[in-house]
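Morning, everyone. Please bring up the structure on your screens. I'll talk about aromatic rings, then one threonine.

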Amino acid sequence: MINYELLQSEAEKIGVDLGEYGADRFDSYAERLVRWNEHVNLTAITEPDDIVIKHFIDCLYIMKYVAFKKDEKLVDVGTGAGFPGMPLLIANPDLDVTFVDSMEKRIGFLRDVLKNIGLTGTRIHERAEVVGKDADYREKFDYATARAVAPLNVLCEYCLPLVKVGGLFVSLKGSSGMEELKAAENAINVLGGEVANAVEYQLPNGDGRSIIIIRKISQTPTKYPRKSKKIDTKPL
């Protein structure tokens, strides 16, 4: 379905080696994404080259700035159709990835993809603020990721409680990322983080993007995350 040459050449430009099976797994992922999207709302992006650039390469850009190690734990919050967690897992099969989403049909889609491409990942059908209060998951992850879920100050409250001290919260944003970062300074401080890196860049099609990397430097106060209504109406 997808253009293998486009995927591999653009991945190489950002220093990502897809390995022996990566391109085939991305192709199966794209095929299932389009098929499931006919009856489950997963994405508005369905053209093969757009899927490669706007979904796969966009997510893989994290690897230009973060070096994942074997068996490190990553939680993808509000994962939706698996972005960015699934592309990161395909490119790093030794990662321990947990996908969190509040919609059961999306979790079902991810289960189908993982089974088809021969990789394993934990799937949690639950709201992020509930997972963040759960002792089994709170401050247990080396990384939390999120893409196009909510404003950064809101995302910090959903994601930073899940990250262990010394770990990273990596947020993929559009061209407004730096403005969101300014608005999130208080949230980052309150929740135990500090900005490790913030970069603006362009996708191969010219779309503006930014990546915000926040390091967890101290434990998140136990009252966070709050209930979702309070997070959304009174963000930090």
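How many aromatic pairs does the count come to? Eight, in this predicted model. Let me take two of them.

Start with tyrosine 29 and phenylalanine 83. Their ring centres are 5.6 Å apart. Their planes sit at 35°. That angle is neither under 30 degrees nor over 60, so the pair is tilted. Now look at where the two residues lie. Tyrosine 29 belongs to helix H2, residues 22-37. Phenylalanine 83 is in the loop between S1 and H4. They are 54 residues apart, so this pair links distant parts of the chain. Buried or exposed? Tyrosine 29 has 0% relative accessibility, so it counts as buried. Phenylalanine 83, at 5%, counts as buried too.

Next, phenylalanine 68 and tyrosine 143. This aromatic pair is edge-to-face, with 75° between the planes. Centre to centre, the distance is 4.8 Å. Again, distant parts of the chain are linked. Phenylalanine 68 is in the loop between helix H3 (48-60) and S1. Tyrosine 143 is in strand S4, residues 141-147. The separation is 75 residues. Both residues are buried.

Back to the tilted pair for a moment. Which cluster holds Tyr29 and Phe83? One aromatic cluster, formed with Phe26, Trp36, Phe56 and Phe109.

Last stop: threonine 79. Find the loop between strand S1 (73-77) and helix H4 (85-91). Threonine 79 is there. Its relative accessible area is 3%, so threonine 79 is buried. What does it touch, leaving aside neighbours within four places in sequence? Threonine 79 is in contact with Phe99, Val100, Asp101 and Leu110.

Conventions: Residues are numbered from 1 along each chain as its sequence is written. This is a predicted model: local features need pLDDT of at least 70, side-chain atom pairs count only at pLDDT 80 or more; totals for chains, interfaces and linings use all residues. Side-chain values use heavy atoms; hydrogens and water are left out. Helices (H or I, at least four residues) and strands (E, at least two) are DSSP runs, numbered from the N terminus. Buried means under 20% relative accessible area, exposed over 50%, partly exposed in between (1.4 Å probe, protein chains only). Contact means heavy atoms within 4.5 Å. Rings of Phe, Tyr and Trp (its six-membered ring) pair if their centres lie within 6.5 Å; planes under 30 degrees apart count as stacked, over 60 as edge-to-face and the rest as tilted.
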